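Good morning, and thank you for making time for this presentation. Please take a moment to look at the sequence and the structure before I begin.

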Amino acid sequence: MRLENHRLLDALCGEYIIGTLRGGARRRFERAMRSEPRAALRLRYWESIVSPRYSKMIEAQPSPRVWQRLQRELDLARYRMPWHRRAAFWQGWAVAATAALVFTLAMLFLPRPSETLQTVQIARLSGTDGAISVTADLSRDGRTLVLHASRPVLAGPKQSYELWLIPVAGTGPVPVAVLGSLDATFALATAQLGQLRPGSTLAVSTEPAGGSPTGKPTGAVILAGKITG
């Protein structure tokens with residue numbers, strides 16, 4: 001089975017980026033990145049999101065308020081004891097405390113996209129029944145796309161939504177992003193920068209979990225709209 005069709009591709013990309021994918025599994029993953037363009041595209045997408053945020057979280061200096069919150073939520077006071085008896089506790093809580101710290105830092109220090117991005121609406125996607133519409137906003141630097149649905153819509157457990165770009169030249173749909181929700185903010189892949197041009201069409205199809213297995217739409221196209229600006 002090709003890795004680009006694997007239902008755990010996103011999880012493998014995450015493990016590769018943070019370094020927990022090791023040994024033979026890491027070597028097989030790297031070989032797949034060289035031979036499977038869609039899998040490599042997915043890795044670049046996650047790198048554009050995870051790597052900058054991970055670096056910022058590592059560099060950030062947490063305030064005393066962060067440590068106080070961790071102490072309160074993990075109830076660390078009940079573990080106070082002489083220093084020579086603390087090693088077992090810290091070994092047992094290392095993973096949980098690290099995860100809690102990263103999550104807390106992310107919430108405190110990382111700006112929300114809506115607070116930092118300056119965007120302009122480029123398209124409005126709608127379906128034939130008019131039950132829902134989605135606006136597509138592009139950041140001023142052309143690197144980030146923001147989708148906002150008129151009402152919350154989530155994909156089912158065995159389903160994904162996939163966003164496609166249909167160029168004016170009519171060369172066929174180009175995959176842009178796999179979505180779990182019709183509200184989404186994501187960085188565009190390098191190959192997509194500058195491709196969202198007026199006259200092209202953005203469309204959303206329903207696909208199996210993880211996205212289309214063929215690189216082309218396989219399910220129903222539920223939303224579409226022309227890029228106007």
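I begin with helix α2, which covers residues 23-35 and holds both R26 and E30, four residues apart, or about one turn of the helix. Please keep in mind throughout that this is a predicted model. R26 and E30 form a salt bridge, in which the closest N and O atoms are 3.8 Å apart. As for their surroundings, R26 is partly exposed, at 23% relative accessibility. E30 is also partly exposed, with a value of 28%.

Let me stay with α2 for a moment. What span should its 13 residues have at 1.5 Å a residue? The expected span is 18 Å, and the C-alpha atoms at the two ends are 19 Å apart, which agrees. Within α2, the residues F29, A32 and M33 are buried. Viewed down the axis of α2, the buried residues fall within an arc of 105 degrees, so they line one face of the helix. On the face turned away from that buried side, α2 carries R27, R28 and R34, which are exposed.

Helix α1 may be read in the same manner. Its residues L9, C13 and Y16 are buried. Down the axis of α1, the buried residues lie within an arc of 65 degrees, and they therefore line one face of the helix. After α1 comes G19, which has a positive phi, near 90 degrees.

I return now to salt bridges. How many does a search of the whole structure find? The search finds three, and the pair of R26 and E30 in α2 has already been described.

Another is formed by the side chains of D10 and R42, with an N to O distance of 2.8 Å. D10 belongs to helix α1, residues 9-18, and R42 to helix α3, residues 37-59, so this pair ties together parts that are 32 residues apart in sequence. Are the two partners buried or exposed? D10 is partly exposed, with a relative accessible area of 31%, whereas R42 is buried, at 12%.

There is also the salt bridge between the side chains of R38 and E162, at 3.9 Å from N to O. This pair links distant parts of the chain, since R38 is in helix α3 and E162 is in strand β4, 124 residues apart. R38 is partly exposed, with a relative accessible area of 22%. E162, by contrast, is buried, and its relative accessible area is 1%.

I turn next to the nonpolar interior. In soluble globular proteins, nonpolar side chains tend to be buried together. Here the largest nonpolar core has 28 residues, and those with the most contacts inside it are L145, L163, F186 and L202. Which elements give two or more residues to this core? They are the strands β1 (119-126), β2 (133-139), β3 (144-149), β4 (159-166), β5 (174-179), β6 (184-187) and β7 (201-208). There is also a second, separate core of eleven residues, which includes L9, F29, A32 and A40. Among the members of this second core, L9 is a buried residue of α1, while F29 and A32 are buried residues of α2.

For a closer view of the largest core, consider L202. Neighbours within four places in sequence being left aside, L202 is in contact with twelve residues by name: I122, A123, L125, A136, L163, W164, L165, L196, L223, A224, G225 and I227.

Finally, I would draw attention to two loop residues. S181 is found in the loop between β5 and β6. Is S181 buried or exposed? It is buried, with a relative accessible area of 16%. Its side chain reaches the backbone oxygen of V153 at 3.5 Å and the backbone nitrogen of D183 at 3.1 Å. Apart from neighbours within four places in sequence, S181 is in contact with V153 and L154.

The other residue is D129, located in the loop between β1 and β2. D129 is exposed, with a relative accessible area of 65%. The side chain of D129 reaches the backbone nitrogen of A131 at 3.1 Å. Although D129 and I222 are 93 residues apart along the chain, their C-alpha atoms are separated by 9.4 Å.

That concludes the presentation, and I thank you for your attention.

Definitions and conventions
Residues numbered from 1 in each chain as written. Predicted model: local features only at pLDDT ≥ 70, side-chain atom pairs only at ≥ 80, totals over all residues. Heavy atoms only, no water. Core = buried A, V, L, I, M, F, W, Y, C linked by side-chain atoms within 4.5 Å. Buried < 20%, exposed > 50% of the residue type's maximum accessible area, 1.4 Å probe, protein only. Contact = heavy atoms within 4.5 Å. Salt bridge = Lys/Arg side-chain N within 4 Å of Asp/Glu carboxyl O. Expected span 1.5 Å × (residues − 1). Arc of directions from axis to C-beta. Polar contact = N/O pair within 3.5 Å; in protein donor to acceptor, adjacent residues only side chain to side chain.
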